[in-house]
Amino acid sequence: MGQTILIVGGGISGLALAFRLEQTLPDATVQLLEKDTRVGGTISTVEKDGFRVELGPNGFLDNNPATMSLCTDLGIQDQLLAASETARKNRFLFLNQKMHRLPSSLFSFLTTNLLSWRAKLSILTERFRSPRPELVDESIEAFAKRRTNAEIAEKLVDAFVTGIHAGDPGLLSVRAAFPRLANLEKEYGSVLGGMSKSRRKSKTKSSMRTWSFKEGLGKLPSTIRQQLRTPPIQGVKIRSLYRDDQQWIVRGEGRDEWRGDTVVLTCPAYEQASILADLDETLAEKIADIAYNCIAVVALGFHREQVRHPLDGFGYLSPGRAKRDVLGVQWCSTIFPDRAPQGKVLIRAMCGGWHRPEMVHWSDQRLIEAVQNELRLTLEIESAPIFRFIKRWERAIPQYHLGHLTRVAWIDERRRQHPGLYLGGNCYRGVALNDCTDQAGMLASEIAQSVRLSASATL
């Protein structure tokens with residue numbers, strides 16, 4: 001069809017979109033533009049001194065087939081690596097100066113000392129509580145308190161939100177951040193009852209395992225880049241875009257510019273807002289309202305004998321409201337054993353988040369000391385690490401605050417005033433890797449349909 005499609009943003013959303021568009025529109029030219037000298041966005045794997053460190057996501061779950069399907073189409077499904085069974089079964093919560101194993105069965109739930117009998121009873125009786133009659137926006141914290149009680153919200157739900165969004169459950173919209181929970185209540189009248197009924201209906205049991213690659217998660221974006229028909233252009237910062245009578249013009253620094261029939265912005269919201277400012281100031285301002293948190297990733301390596309704790313699980317989380325120096329710790333060499341050399345372990349701590357943004361600006365020494373102090377308390381590690389690596393993300397994860405879905409609906413409607421312009425990325429409909437690949441596939445189908453309709457109309 002001879003169409004040229006420009007994609008601004010070489011994170012996993014842009015990469016997956018480019019790959020899917022090349023699949024569905026074999027005659028189109030799909031040009032990806034990325035400001036960094038590498039593609040992948042926050043997905044990045046670093047190998048140093050025999051340690052393999054993930055600077056962003058540690059892997060992806062198999063409860064959504066989107067990323068698995070992408071790996072299959074890329075021909076790298078046989079290189080996937082499943083997390084260890086120990087990591088899948090055991091997860092921990094650090095609360096009140098003590099490590100608690102999170103319940104994984106009815107018996108462990110009933111016998112855990114993490115929760116009071118009132119909290120346990122509130123979960124057991126959740127399916128008998130009346131659903132909210134009106135469909136209004138509600139915070140995750142308010143939703144959890146209404147469906148269970150305050151203790152569950154403050155201990156378990158807060159930590160769960162910290163692990164995924166590193167945000168404030170009192171500010172985040174449950175319908176935007178966890179739409180499945182809201183939909184289960186709407187459809188079945190109960191979250192737990194809905195989960196049980198939906199499992200029986202599908203006749204499948206989700207394994208909910210975490211997956212990566214032996215080489216690290218960076219294998220995914222690097223493979224997409226290698227397989228794209230048109231190589232991405234990297235190291236170009238896009239300043240603005242506008243449209244003449246025929247095409248869209250994307251302008252970079254200096255005299256660089258690219259022309260296309262369709263333009264898709266998959267870069268972060270703040271970059272989309274900057275690029276759109278001259279074209280549509282009102283649209284840009286609405287997109288700029290999407291907030292981001294700050295996260296510092298601190299990876300430390302130790303000799304195995306330096307660590308008294310068995311590290312028999314995925315890791316642990318702390319509720320965000322505790323405002324500790326460490327949000328959570330992943331035991332990377334337990335999750336995927338080849339992440340550290342023989343006889344050594346790799347531990348990855350997350351610092352900052354919505355409540356502690358200042359930590360991203362701490363010096364390396366201060367960050368490492370803060371993490372070491374936490375590890376001394378939680379894992380009884382007294383020795384200094386033999387390996388250190390720090391990555392700071394000053395704007396890490398978009399925060400879907402109350403009103404997010406209304407904002408996204410408004411942005412969608414306004415965007416339609418500019419035919420040939422599309423918006424994507426993790427700032428709108430899901431922050432997880434699966435969300436990004438899933439949305440990329442749907443956006444590719446929408447664009448392909450529009451291109452075909454346009455082509456047939458000109459015949």
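Me: How many bridges join β2 to β10?
Reply: This is a predicted model, so let's read the pairing from its coordinates. The strands β2 and β10 run parallel. One spot to look at is E34, which stands opposite Q234 in β10. As for the bridges that join β2 to β10, the count is two.

Me: And what is the order of the strands in the open sheet of five?
Reply: The pairing in this sheet is parallel. β10 (233-234) and β22 (421-423) each have a single partner strand, so they stand at the edges, with one side of each left without a neighbour in the sheet. Reading across, the order is β10-β2-β1-β14-β22.

Me: Which residue of β2 stands opposite L6?
Reply: L6 belongs to a stretch of pairing where β1 and β2 run in the parallel sense over five bridges. Look across from L6 into β2, and the residue standing opposite is Q31.

Me: What is the bridge partner of L6 in β14?
Reply: Strand β1 covers residues 4-8 and strand β14 covers residues 262-265. These two pair in the parallel sense over four bridges. The partner of L6 in β14 is V263.

Me: Which helix makes a β-α-β unit with β1 and β2?
Reply: You already know that β1 and β2 pair in the parallel sense. The unit they make with the helix is right-handed. The helix spans residues 12-24, and its name is α1.

Me: Why is strand β2 largely enclosed by the rest of the structure?
Reply: Strand β2 takes in residues 29-34, six residues in total. A residue counts as buried when its relative accessible area is under 20%. β2 is largely enclosed because the number of its six residues that are buried is five.

Me: Which residues of β14 are buried on the two faces?
Reply: Both faces of β14 are covered. One side has T262 and V264, and all the residues named on either side are buried. On the other side, the buried residues are V263 and L265.

Me: Which residue of β22 stands opposite V264?
Reply: β14 and β22 pair in the parallel sense, and they do it over three bridges. Opposite V264, in β22, you'll find Y422.

Me: Where are the edge strands in the open sheet of three?
Reply: This sheet has the order β5-β9-β6, with antiparallel pairing. Each edge strand pairs on one side only. Their positions are 60-61 for β5 and 80-82 for β6.

Me: Which residue of β9 stands opposite L80?
Reply: β6 and strand β9 (residues 210-213) run antiparallel, with three bridges joining them. Across from L80, the residue in β9 is F213.

Me: Which backbone nitrogen does a side-chain oxygen of N64 reach at the start of α2?
Reply: Helix α2 covers residues 65-74, and its buried residues include M68, L70 and L74. Just after α2, G75 takes a positive phi of about 80°. Back at the start of α2, the N64 oxygen comes to within 2.8 Å of the backbone nitrogen of A66.

Me: What is the volume of the largest cavity?
Reply: The structure holds one cavity of 30 Å³ or more. Its lining includes T162, W354, H355 and R356. By class, that lining has three nonpolar, six polar and one charged residues. The volume is about 40 Å³.

How values were computed. Residues are numbered from 1 along each chain as its sequence is written. This is a predicted model: local features need pLDDT of at least 70, side-chain atom pairs count only at pLDDT 80 or more; totals for chains, interfaces and linings use all residues. Side-chain values use heavy atoms; hydrogens and water are left out. Two strands pair if DSSP finds at least two bridges between them. Buried means under 20% relative accessible area, exposed over 50%, partly exposed in between (1.4 Å probe, protein chains only). A crossover is right-handed if, with the strands pointing away from the viewer, the path from the first strand over the helix to the second runs clockwise. On a 1 Å grid over the protein atoms alone, a cavity is a set of points where a 1.4 Å probe fits but cannot get out, and a pocket is an open set with protein on both sides within 12 Å along at least five of seven lines; lining residues have an atom within 4 Å of a point. Grid points are joined across faces, edges and corners, and a volume is the space filled by probe spheres set on the points. Ala, Val, Leu, Ile, Met, Phe, Trp, Tyr, Cys and Pro count as nonpolar, Asp, Glu, Lys and Arg as charged, and the others, Gly among them, as polar. A polar contact is a pair of N or O atoms within 3.5 Å; within protein, one must be able to donate a hydrogen and the other to accept it, and residues adjacent in sequence count only if both atoms are side-chain atoms.
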